Amino acid sequence: MEDQREALRKIITTLAMKNEETQTFIYSLKQMLLNIEANSAKVQEDLEAEFQSLTSVLEELKESMLMKIKQDRASRTYELQNQLAACTRALESSEELLETANQTLQAADSEDFPQAAKQIKDGVTMAPAFRLSLKAKVSDNMSHLMVDFAQERQMLQALKFLPVPSAPIIDLAESVVADNCVALVWHMPDEDSKIDHYVLEYRRTNFEGPPRLKEDQPWMVVEGIRHTEHTLTGLKFDMKYMNIRVKACNKAVAGEFSEPVTLETPAFMFRLDGSTSHQNLRVEDLSVEWDAMGGKVQDIKAREKEGKGRTASPVNSPARGTPSPKRMSSGRGGRDRFTAESYTVLGDTLIDGGEHYWEVRFEPDSKAFGLGVAYRSLGRFEQLGKTAASWCLHANNWLQASCLSTMPEPNSSCTPSRPSSRSLCFQPSP
């Protein structure tokens, strides 16, 4: 009966999640319908404005070219009319002189003939008809004002909507999440030489899988990216996942966003293994402090007094639940794992490769501590970073705040017999 109830609860949970997903999708479709109406009205208005602007340019160009024709016509007409008037006057004068010469010739026997002939000769010499150029000052050819808009007409006929850039494709295999940074890489599905820049948006989320429409966190925008890669720096991985999307832009229009991806910003999850701690350390789950009175011994005695009689081993720790396959079962647990001045406690999870990130919060009055990784062969008297068995980041607040990375000498061998024998460890100072 209980199994059936549990199965029914799972079905109800699944149906509720599916209903929520469907409602979200319905909301998305309705919003898209509204967006289509608004966006189509906007692009139609923009198109009409562009054609009106183009028509205005053509009208202005037409008026300018018509004015050029009118001015050229007026100038040529003026020159030819002046030349015509001059020629008409010269012709009239020449005809009068011709009439006079004919009359004088008919009276050749008179006594005044020599004088009249001389006057006619002088008149011919000074006649305007003999001083005129009988070549037109301007041409009647107007071919220099002819136009051929065949090429422009073809360009106008080739007008079309702007090519919207395609949506980029994010290369998850090439993208890296490490060191408080997300290095994102993407590419275009087709070569596009008109892309001017890219816009990247990201937001934090607590959900894996496809990004949701309704999120508590807003999209953060990075504009003006010139290359197909970008690194987000200065991030704090206080949330497990991050949504990222990218779009391409040319000089006039932006394309659609890429399919959003959800990248995990993992921290290295572990707990402190109290059974490996120094006797003067007090360990509680993920916290540790130095106790001159012997914190570990007091804890053990307190539990024995309560009748529990168990130490905080990886198996018996109440905060641990089901252990991870990588949980480390210490073969050297107990009070003698670390002693003397090796105030050390090990983490309970092995590190077998890759890059890992974790954060440490310490009390303001903490004097010094060290955090690092070590081989399981780290000796009980060895301090972190002082031998080839460990590497340590040491913070010191005694006189002034400082942080020092300590590791073995360069000629020391750090190659373990088994790559999977490394563990995170913590070392507070008294």
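Student: What percentage of the 430 residues in the protein chain is buried?

Tutor: Bear in mind that this is a predicted model. Buried here means under 20% relative accessible area. Across the 430 residues of the protein chain, the buried share comes to 26%.

Student: How are α1 and α2 oriented, roughly parallel or roughly antiparallel?

Tutor: Helix α1 covers residues 2–106 and helix α2 covers residues 113–125. They pack with their axes 10 Å apart, at an angle of about 160°. Angles over 145 degrees count as roughly antiparallel, so α1 relative to α2 is roughly antiparallel.

Student: How many charged residues sit in the contact of α1 with α2?

Tutor: On the α1 side you'll find Leu97, Thr100, Ala101, Thr104 and Leu105. They meet Phe113, Ala116, Ala117, Ile120, Gly123 and Val124 of α2. Sorted by class, that contact has 8 nonpolar and 3 polar residues, and the charged count is: no residues.

Student: Okay, on to the core. Which strand supplies the largest share of the largest nonpolar core?

Tutor: That core has 19 residues. β3, β4, β5, β7 and β8 each supply at least two of them. The largest share is 4 residues, and the strand behind it is β7.

Student: Which residues of β7 (241–249) does Leu184 touch?

Tutor: Leu184 is among the residues with the most contacts inside the largest nonpolar core. Leaving out residues up to four places away in sequence, Leu184 touches residues including Ile170, Leu200 and Leu263. β7 spans 241–249, and the Leu184 contacts that fall in that range are Ile244 and Val246.

Terms used:
Residues are numbered from 1 along each chain as its sequence is written. This is a predicted model: local features need pLDDT of at least 70, side-chain atom pairs count only at pLDDT 80 or more; totals for chains, interfaces and linings use all residues. Side-chain values use heavy atoms; hydrogens and water are left out. Axes are lines fitted to C-alpha atoms, for helices over the stretch in contact, and angles run from 0 to 180 degrees between N-to-C directions. Helices (H or I, at least four residues) and strands (E, at least two) are DSSP runs, numbered from the N terminus. Angles under 35 degrees count as roughly parallel, over 145 as roughly antiparallel, 65 to 115 as roughly perpendicular and the rest as oblique. Contact means heavy atoms within 4.5 Å. Ala, Val, Leu, Ile, Met, Phe, Trp, Tyr, Cys and Pro count as nonpolar, Asp, Glu, Lys and Arg as charged, and the others, Gly among them, as polar. A nonpolar core is a set of buried Ala, Val, Leu, Ile, Met, Phe, Trp, Tyr and Cys residues joined through side-chain atoms within 4.5 Å. Buried means under 20% relative accessible area, exposed over 50%, partly exposed in between (1.4 Å probe, protein chains only).
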